[in-house]
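Colleague: I have a two-chain model open on my screen. Can you walk me through its helices, its interface and its odd backbone spots?

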Protein chains: 2
Amino acid sequence: MPKGGIMNPKQKILELLREEEPGYVSGEYICQQLQVSRTAIWKTIESLRSDGYDIEARPRLGYRLLTSPDILDPAEWQTDIKTHIIGQTVRYYKTTTSTNEVAKDLARQGITEGAIIITEEQSKGRGRLGRTWQCPPRTGLCFSVVLFPRANPMEVPQFTMLAAVAVVKALYRTLGLRAQVKWPNDVYIEGLKICGILAEMAAEADRVKYVVLGIGLNVNQSKEDLVCFGNTATSLRVQLGRTLLRSQILKVLLEELDNLYTLWQQEGFLPLKGLWRDNALWIGNKVQVSGLNSNYQGTMEGIDDGGALLLRLYDGTIKTFYSGEVSLRPANK
Amino acid sequence: MPKGGIMNPKQKILELLREEEPGYVSGEYICQQLQVSRTAIWKTIESLRSDGYDIEARPRLGYRLLTSPDILDPAEWQTDIKTHIIGQTVRYYKTTTSTNEVAKDLARQGITEGAIIITEEQSKGRGRLGRTWQCPPRTGLCFSVVLFPRANPMEVPQFTMLAAVAVVKALYRTLGLRAQVKWPNDVYIEGLKICGILAEMAAEADRVKYVVLGIGLNVNQSKEDLVCFGNTATSLRVQLGRTLLRSQILKVLLEELDNLYTLWQQEGFLPLKGLWRDNALWIGNKVQVSGLNSNYQGTMEGIDDGGALLLRLYDGTIKTFYSGEVSLRPANK
């Protein structure tokens, strides 16, 4: 439940309906619980229906919830979320420019740590290096988290790694899927990209003011929706052959983010680095690292505390790569 | 001269008066040059007078400039500045909140690289770690520079070092004063702080979007103005026993910043690190580095490429300190 336990009438009615699901809740009982008139209840039910909830009304029996829409409204998932920091404050938009842009504005204005900004549709979604990132409305899980970590700017890649590990854990916990983290900021399933992460910060030279972690997970995109990415992307729907309720994945993902952020606060990056390594794509394998004017081959060793890639060259020396410069792929056979 | 050579009538008239200083310029000649009426000239002269310029008008001889006010209006210094990037675009405010805040807004809106934001008075001046930083109107030299360097966030302390070296060079060139850089972000004269630098950035985890370099140099503050800093601060006026024209120092400082930023773009941090070291306070001396719960003594070795302080402990090992954590002072005798 959100801190302070304040729910709006929609959330409260949904909670009452879900407590009795698949049974009925009498209008009278709802009136007592909410302390409002039958007319007010009726209006709220109508409003829920226009949001996509299928609610049956039967004389003498009352109301019952038949199906819920696949929407990311906090009423769908915030009520019994088990987190301490992440997702206790939520800003939900049916459509927005880019959740990272909104999150940065709110961070500057001093929103609570752990606040998430979530939307059904981004008109200006972005990936790393200013690349555009798009998905059809209501298919992806797109949100941003605002953090105020006590950190040095050079430690910020740690949060990209943290988010990637949280996605891997959430996909395993909710769906039993084995995903892997791909350096620097993606999550892959069976060699295809399923999630991208974009960490942005405002900082002094030696002190982070805020970090905004943007996460874009492909959930219900069809094969056709993904054509624009060539043969490099997939979605949970494509992997599993069915559509999924995004709010359920979101809830678990926020819990994993909350656990891992707490771990970072208490023990630093070391345990996270281990988790990242345990789930990393191509670790110990021959890979190539390509830049604008360079191309190195070697064995992927892992990452350093700044999130830089460590490549063991064939002469045994270790070379460090920062993600801004290069891309990583398997070595040519 | 500003790029494109566009000057407003005030700037143009000042230029004409200065070309003939201390002689007269006829009203007729000014009319020809500006292609405007005698009445328009007169109004511009009146406006310059209200800005603090002392301009004499004599029948038959014309106008001459007696004295210029100590203001930072670009008309005072931009006309013949010799820079390629820094200070070609200027936003001048008689008063503002904080030049760094304005600069960050303008950087987000995509102002030209090298733009400077300058003011006579800050109502919300800030130093490192969110500390407030104040000086009486028209006494300090407070400005911010917007840069779009191709850099990793961990390299941003390099720009603090760059600015500190530029201040040292400008003070030597304009006044023959020997100042020193004090780790992490100050300039000292005779053991007292004369200048503070605040670098701020917006960045992705591995790529800087912009850096704003705020510089606050104590110029014409009296001893009384500095009392609030205890016995830790000084000004050029206190050091030299006379007031100075801030615009002259500004011009040279922008030229030094321009030289050093070009050097950084061409050769990276290595030559700047050398210059910083050559002018560093306490280098090779016994110092102590104090944190919240720690206190180390050793010999100050220098800095690394991330601007971190390198301290040689008495057992010979080198310890690295990031500036967010600690403060530096001479070791207790």
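Modeller: What follows is a set of short questions and answers on this predicted model.

Colleague: Start with the record. Which residues of chain A does the UniProt annotation "DNA-binding region" cover?

Modeller: The annotation comes from an unreviewed UniProt entry. The chain there is 85% helix and 0% strand, with its end C-alpha atoms 14 Å apart. The stretch named in the record is residues 27-46 of chain A.

Colleague: Now chain B. Are α1(B) and α3(B) roughly parallel or roughly perpendicular to each other?

Modeller: Helix α1 spans residues 9-20 of chain B, and helix α3 spans residues 38-50. Their axes come within 10 Å and cross at roughly 85°. Angles of 65 to 115 degrees count as roughly perpendicular. Therefore α1(B) and α3(B) are roughly perpendicular.

Colleague: How do the residues of the contact of α1(B) with α3(B) divide by class?

Modeller: From α1(B) come Pro9(B), Lys10(B), Ile13(B) and Leu14(B). From α3(B) come Ile41(B), Thr44(B), Ile45(B), Ser47(B) and Leu48(B). The split is six nonpolar, two polar and one charged.

Colleague: What sits in the loop between α2 and α3 of chain B with a backbone oddity?

Modeller: Most residues other than glycine have a negative phi. One residue in the loop between α2 (27-34) and α3 of chain B is not a glycine, yet its phi is positive, about 60°. That residue is Gln35(B).

Colleague: Back to chain A. How do helix α7 and helix α8 of chain A pack, and what is the relation called?

Modeller: Helix α7 covers residues 246-267 and helix α8 covers residues 270-278. Their axes are 8 Å apart, at an angle of about 135°. That angle makes α7(A) and α8(A) oblique.

Colleague: Which residues of α8(A) meet α7(A)?

Modeller: The α7(A) side offers Leu260(A), Leu263(A), Trp264(A) and Glu267(A). By class, the contact has seven nonpolar, no polar and one charged residues. The α8(A) partners are Leu270(A), Pro271(A), Leu272(A) and Leu275(A).

Colleague: And in chain B, at what angle do the axes of α7 and α8 cross?

Modeller: Leu260(B), Leu263(B), Trp264(B) and Glu267(B) in α7(B) meet Leu270(B), Pro271(B), Leu272(B) and Leu275(B) in α8(B). The axes come within 8 Å. The two helices are oblique to each other, and the crossing angle is roughly 135°.

Colleague: Next, the interface. What is the area buried between chain A and chain B?

Modeller: The contact takes 27 residues from chain A and 27 residues from chain B. Carbon and sulfur atoms give 51% of the buried area. The area is about 2,000 Å².

Colleague: Which residue of chain A forms a salt bridge with Glu200(B)?

Modeller: The count between chain A and chain B is two salt bridges. In the one with Glu200(B), the closest N and O atoms are 2.3 Å apart. A salt bridge needs such atoms within 4 Å. The partner is Lys209(A).

Colleague: Where is the cis peptide bond that ends at Pro22(A)?

Modeller: Most peptide bonds are trans. The bond from Glu21(A) to Pro22(A) is cis, with omega near 5°. Pro22(A) is in the loop between α1 (9-20) and α2 (27-34) of chain A.

Colleague: What is omega for the bond from Trp183(B) to Pro184(B)?

Modeller: Pro184(B) lies in the loop between β6 (180-182) and β7 (186-189) of chain B. The bond from Trp183(B) to Pro184(B) is cis, with omega near 0°.

Notes: Residues are numbered from 1 along each chain as its sequence is written. Chains are lettered from A and ligands numbered from 1 in the order in which they are written. This is a predicted model: local features need pLDDT of at least 70, side-chain atom pairs count only at pLDDT 80 or more; totals for chains, interfaces and linings use all residues. Side-chain values use heavy atoms; hydrogens and water are left out. UniProt positions are given in the numbering used here, feature names are shortened, and annotations may be inferred rather than shown by experiment. Helices (H or I, at least four residues) and strands (E, at least two) are DSSP runs, numbered from the N terminus. Axes are lines fitted to C-alpha atoms, for helices over the stretch in contact, and angles run from 0 to 180 degrees between N-to-C directions. Angles under 35 degrees count as roughly parallel, over 145 as roughly antiparallel, 65 to 115 as roughly perpendicular and the rest as oblique. Contact means heavy atoms within 4.5 Å. Ala, Val, Leu, Ile, Met, Phe, Trp, Tyr, Cys and Pro count as nonpolar, Asp, Glu, Lys and Arg as charged, and the others, Gly among them, as polar. Buried area is the accessible area (1.4 Å probe) that two parts lose on being put together, summed over both. A salt bridge is a side-chain nitrogen of Lys or Arg within 4 Å of a carboxyl oxygen of Asp or Glu.
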